[in-house]
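Me: I would like to go through this model with you. Could we begin with the aromatic residues and then turn to the interior?

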Amino acid sequence: MNKLYTAQEVADRLKIKKTTVYELIKRGELESSKIGKQLRVSEEQLTQYLNRSSSGNSESGQDIPYTFVNFEPESSLLKRDYLLHSSGIILGGQTSAALELLLGKMSAHPDGLPVLQSHMNDYNGLYSLYFEKAHIAATSLDIDDIRHLVPGIPLILLSLYKYSVGFYVQAGNPEKISSVEDLMNVPGIKEGTFLNREKGSARRVYLDRLLKERGISSEKISGYRNEAVSDMSSASAVFEHRANVAFGEEMIARYFPGLDFVPVTDMQMYLAIPAESVRKPGFSALVEIVQSEDFKTEIHHLTGYDTSYTGEMICI
């Protein structure tokens, strides 16, 4: 008989995290089957995955389950019909401490479903939601932007938290950066040492719009086209003196004692959910968790995020 494994059993056998198993399934590297409401991996499917892994890493002679050898760009999500093979919730968005907390609570909730997080920026997450390749999109874009990117689909925006974004600078802020205009006037910046976020991220959308509003050409900011795909990599570049200035959220700067943070604006993090899904099993559990006082308290203590509006729902 072909034995069936749970995600946890696969994780134990491969000595990886359970969330990594879901990521492998999401990327199509590990095949799975839907048994009722649960994902199961057969002995044959697991063996096929191990054979592919070992053949792709023959030099070491070891199976490397979490490999990026065949990793496809995040837009490849649109080429795969994950929804037909998923018994969980696919959430498009970049990882954060709050989302990790939410995913952990979902796995423990009696009515929760597995959440398969697809790591992508705000624009791609909403694009995937529009094309029904994701169930939920985590985004910090303005409400008007969200409405325009997902036209014709009634949405519920579930508020997660508010957070500060601004410039990562060296300790003491030697370049005296206090506004976007300062990026044009500092000698070090003219050498191309500003590190931007990638197009489609809420950070980049905000900066592009701010430059346009103030009549500043991006060509006047040397390095503006240099891109990082996460706030962590942006802060790391400044910390390691590979960049003078970068733009991201405040909490990340706390991981680097050699950095200072210059606040610029606040952003609100939402979970964009199709209105027709909010009362469905699994989704209702997610809403219940986010609206609970325990979740608000844990987020605030864990991250310092403003949770004044956490759990509020906006219909658009």
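**Aromatic cluster, cores and a loop residue**

Reply: In this predicted model, ring pairs join Tyr-123, Tyr-127, Tyr-130 and Phe-131 into a cluster.

Me: How many aromatic pairs does the structure hold?

Reply: The structure holds eleven aromatic pairs. One of them is formed by Tyr-130 and Phe-131, with an edge-to-face geometry, 5.2 Å centre to centre and 85° between the planes.

Me: Why does Tyr-130 count as partly exposed?

Reply: Tyr-130 has a relative accessible area of 34%, and partly exposed covers values between 20% and 50%. Phe-131 is also partly exposed, at 43% relative accessibility.

Me: Turning to the interior, which residues have the most contacts inside the largest nonpolar core?

Reply: They are Leu-102, Phe-167, Leu-271 and Leu-286, in a core of 59 residues. Strand β7, residues 155-170, gives the most to this core, with ten residues.

Me: What is Leu-286 in contact with, leaving aside its neighbours within four places in sequence?

Reply: Leu-286 is in contact with Leu-102, Met-106, Ile-136, Leu-158, Leu-271 and Ile-273. A second, separate core has 19 residues, including Leu-30, Val-41, Leu-46 and Leu-116.

Me: A change of topic: where does Asn-173 lie?

Reply: Asn-173 lies in the loop between β7 and α7 (187-190).

Me: Is Asn-173 buried or exposed?

Reply: Asn-173 is buried, because its relative accessible area is 14% and the cut-off for buried is under 20%.

Me: What does its side chain reach?

Reply: The side chain of Asn-173 reaches the backbone oxygen of Ile-177 at 2.9 Å. Leaving aside neighbours within four places in sequence, Asn-173 is in contact with Asp-260 and Val-262.

Definitions and conventions. Residues are numbered from 1 along each chain as its sequence is written. This is a predicted model: local features need pLDDT of at least 70, side-chain atom pairs count only at pLDDT 80 or more; totals for chains, interfaces and linings use all residues. Side-chain values use heavy atoms; hydrogens and water are left out. A nonpolar core is a set of buried Ala, Val, Leu, Ile, Met, Phe, Trp, Tyr and Cys residues joined through side-chain atoms within 4.5 Å. Buried means under 20% relative accessible area, exposed over 50%, partly exposed in between (1.4 Å probe, protein chains only). Helices (H or I, at least four residues) and strands (E, at least two) are DSSP runs, numbered from the N terminus. Contact means heavy atoms within 4.5 Å. Rings of Phe, Tyr and Trp (its six-membered ring) pair if their centres lie within 6.5 Å; planes under 30 degrees apart count as stacked, over 60 as edge-to-face and the rest as tilted. A polar contact is a pair of N or O atoms within 3.5 Å; within protein, one must be able to donate a hydrogen and the other to accept it, and residues adjacent in sequence count only if both atoms are side-chain atoms.
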